[in-house]
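Welcome, and thanks for taking a look at this one with me. Please open the structure and keep it beside you while you read.

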Amino acid sequence: MSSTLIDIHAHLEDEKFSEDVRETIERAMEAGVNQIINVGCSMPESEKVIKISQEYPQCYCLVGVHPHNAKEFNDVDLAKIDEYTKLDKVLGIGEIGLDYFYDFAPKELQIEVFQKQWKLAASLDVPVELHIRDAYEDFFPAISNLPAPTKKLLHCFSGDLEIAKKALDLGFEFSIGGVLTFPKSEVTREVFKYIPVERIHLETDCPYLAPQGKRGKRNEPANVSITIETLAKVKNLSVDELSEILIDNAHRFFGKKLGFV
Ligand code: NI
């Protein structure tokens with residue numbers, strides 16, 4: 001077991017955890033995962049992640065509306081997100097972005113809802129976590145003429161090397177979870193080998209995407225302790241060396257509101 005780990009993208013607000021949030025956090029602690037950042041995908045979920053962060057000292061959160069829920073979004077929500085970011089344990093805005101894989105909302109609407117939240121993140125200069133799936137062709141143009149937040153991260157990054165290079169040039173950081181451990185994820189491992197370790201973060205995206213060995217089961221923050229072993233091999237570092245770097249990365253990225261443990 002390594003020292004201290006952070007799951008920078010989890011969904012303990014998901015109904016799959018409704019019975020056992022406390023026990024799930026306890027298992028995370030036992031595995032060395034001492035801090036968990038839950039990420040809202042809708043306004044009710046954003047309110048739920050705030051509540052969880054107020055109830056559990058280990059939990060922090062991001063608030064925002066996911067592209068799947070773009071149809072529900074309105075300007076009152078934008079004002080609420082602005083207000084929520086002032087709270088102690090709300091670290092920034094997420095997850096926001098574009099998802100053309102599922103395509104639950106029209107592209108134009110997804111872009112509009114994403115840009116409104118991106119502009120808010122830039123004006124507040126708070127960290128932002130992005131969900132971009134099969135949509136990089138519109139994502140880069142969508143931000144090209146807008147001010148950008150300083151701290152911006154592509155969550156569950158599965159783009160190729162060309163996209164990674166472009167995002168690196170624009171100052172993005174990258175996070176990855178269980179996908180890194182899948183046998184078929186050769187390209188993703190190559191991409192994460194290329195990305196400087198100072199720009200990398202680990203997540204679970206739980207309850208989804210459990211790592212190899214746990215696939216098909218509900219994922220949970222404790223499993224960061226599995227994924228870090230794969231990342232350590234990819235980066236040719238020991239797990240302890242890597243966990244120290246990841247802690248530094250998280251504190252640099254999320255800033256003062258993320259307490260030290
Ligand atoms: Ni997520």
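The points below go through the sheet, the helices across it, the spaces inside and a few local details.

1. Please keep in mind that this is a predicted model. Numbering starts from 1 along the chain as its sequence is written.

2. A good place to begin is the sheet. Eight strands form an open sheet, with parallel pairing and the order E1-E2-E3-E4-E5-E6-E7-E8. Its edges are strand E1 (5-10) and strand E8 (200-202), each of which pairs on one side only. On average, neighbouring strands are turned by 30° against each other, direction ignored.

3. Let us look at one edge of that sheet. Strand E7 (residues 173-176) pairs with E8 in the parallel sense, over three bridges. If you would like a residue pair to find on screen, Phe174 has Ile200 in E8 as its bridge partner. As background, strands of a sheet pair through backbone hydrogen bonds, either parallel or antiparallel.

4. Now for two helices. Helix H4 (residues 107-124) lies across strand E4 (90-99), strand E5 (128-133) and strand E6 (152-154), and runs at about 155° to E4. Helix H9 (residues 239-254) lies across E1, strand E2 (33-39), strand E3 (59-63), E4, E5, E6, E7 and E8. The angle between H9 and E8 is about 100°.

5. Helix H4 also offers an aromatic pair to look at, one of the 13 that the structure holds. Why does the pair of Phe114 and Trp118 count as tilted? The ring centres of Phe114 and Trp118 are 5.7 Å apart. Their planes stand at 45°, and tilted pairs are those that are neither under 30 degrees (stacked) nor over 60 (edge-to-face), so this pair is tilted. Both residues sit in H4, four residues apart, which is about one turn of the helix.

6. Next, the largest pocket, which holds about 820 Å³ of space. Its lining has 29 residues, and the closest to the pocket centre are His131, Arg133, Cys156, Asp205 and Leu209. E5 and helix H7 (186-194) are the elements that give two or more residues to this lining. By character, the lining divides into ten nonpolar, ten polar and nine charged residues.

7. There is also one cavity of 30 Å³ or more, and the largest cavity has a volume of about 70 Å³. Which elements each supply at least two residues of its lining? They are E1, E8 and H9, and H9 gives the largest share, four residues. Among the lining residues are Ile6, Ile8, Ile200, Leu202, Leu246 and Ile247. This lining has nine nonpolar residues, three polar and no charged. Ile200, the bridge partner of Phe174, is thus a residue you meet again here.

8. Finally, some backbone details deserve a look. Most residues other than glycine have a negative phi, and most peptide bonds are trans. Here the bond from Gly94 to Glu95 is cis, with omega near -5°, and Glu95 lies in strand E4. The bond from Cys206 to Pro207 is cis too, with omega near 15°. Pro207 is found in the loop between E8 and helix H8 (224-235).

9. That loop between E8 and H8 also contains Leu209. Although Leu209 is not a glycine, its phi is positive, at about 55°. You have met Leu209 already, among the residues closest to the centre of the largest pocket.

Notes: This is a predicted model: local features need pLDDT of at least 70, side-chain atom pairs count only at pLDDT 80 or more; totals for chains, interfaces and linings use all residues. Side-chain values use heavy atoms; hydrogens and water are left out. Two strands pair if DSSP finds at least two bridges between them. Axes are lines fitted to C-alpha atoms, for helices over the stretch in contact, and angles run from 0 to 180 degrees between N-to-C directions. Contact means heavy atoms within 4.5 Å. On a 1 Å grid over the protein atoms alone, a cavity is a set of points where a 1.4 Å probe fits but cannot get out, and a pocket is an open set with protein on both sides within 12 Å along at least five of seven lines; lining residues have an atom within 4 Å of a point. Grid points are joined across faces, edges and corners, and a volume is the space filled by probe spheres set on the points. Ala, Val, Leu, Ile, Met, Phe, Trp, Tyr, Cys and Pro count as nonpolar, Asp, Glu, Lys and Arg as charged, and the others, Gly among them, as polar. Rings of Phe, Tyr and Trp (its six-membered ring) pair if their centres lie within 6.5 Å; planes under 30 degrees apart count as stacked, over 60 as edge-to-face and the rest as tilted.
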